[in-house]
Amino acid sequence: MSYADMAALMLGAVGVLVTVLGVFMAILALWGYSQFKVAASNAALDHVKSELEEGQLRDELNKLLVQEVIKQMDDGKLRRILEERADRFLISGPSIRANEDDNDNPMGDEEKEYGA
């Protein structure tokens, strides 16, 4: 075996090893990325839960909710929806309300009510 044959054989072996190592690292990278996504998602959920329970996010959401309800009441949209629901409740009998509760949509027809 000549020096040139030996060098070609060694370079080929190194090329195969580098390829195998690259494929192995790619598999590890994909596995690590999926694990990172799961860990990041869990951390975000835990953070939001803790903020909703006792943090500033809870206070901000409460303020925004109150502001939006006041705005909807001032515009008359929410008042009209509440009046329609109250009228439907007072006018309809228990059997009609029981049939409405059995439907997939217990809140009524949102498209009609909200103009969507």
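This report describes the confidence, helices and surface of a predicted model of one chain.

The chain averages a pLDDT of 83, and 79% of the residues score at least 70. Confidence varies along the chain, and the two extremes both fall in helices, as the table sets out.

| Helix | Residues | Mean pLDDT |
|---|---|---|
| α1 (highest) | residues 3-54 | 94 |
| α5 (lowest) | residues 110-114 | 55 |

Where pLDDT is low, the predicted coordinates should not be read in detail.

The chain holds five helices and zero strands, and read along the sequence it follows the pattern α-α-α-α-α. Helix α2 covers residues 56-75, and because each of its 20 residues is taken at 1.5 Å, the helix should span 28 Å, which agrees with the 29 Å between its end C-alpha atoms. After α2 comes Gly 76, a residue whose phi is positive, near 95 degrees.

Turning to the surface, 4% of the 116 residues of the chain count as buried, while the accessible surface of the chain comes to about 10,000 Å², with 65% of that area belonging to carbon and sulfur atoms. A nonpolar patch on the surface is formed by Leu 21, Phe 24, Met 25, Leu 28 and Trp 31, which together have about 570 Å² of accessible area.

Is Phe 24, a member of this patch, buried, partly exposed or exposed? Phe 24 lies in helix α1, and it counts as partly exposed because its relative accessibility is 48%, a value between the cut-offs of 20% for buried and 50% for exposed.

Methods: Residues are numbered from 1 along each chain as its sequence is written. This is a predicted model: local features need pLDDT of at least 70, side-chain atom pairs count only at pLDDT 80 or more; totals for chains, interfaces and linings use all residues. Side-chain values use heavy atoms; hydrogens and water are left out. pLDDT is the predictor's confidence in each residue, from 0 to 100. Helices (H or I, at least four residues) and strands (E, at least two) are DSSP runs, numbered from the N terminus. The expected span of a helix is 1.5 Å times one less than its number of residues. Buried means under 20% relative accessible area, exposed over 50%, partly exposed in between (1.4 Å probe, protein chains only). Accessible areas come from the Shrake-Rupley method with a 1.4 Å probe; for residues, only the protein chains shown count as cover. Patches are made of residues with over 30% relative accessible area and no salt bridge: like charges are joined within 9 Å, nonpolar side chains (Val, Leu, Ile, Met, Phe, Trp, Tyr) within 5 Å. A salt bridge is a side-chain nitrogen of Lys or Arg within 4 Å of a carboxyl oxygen of Asp or Glu.
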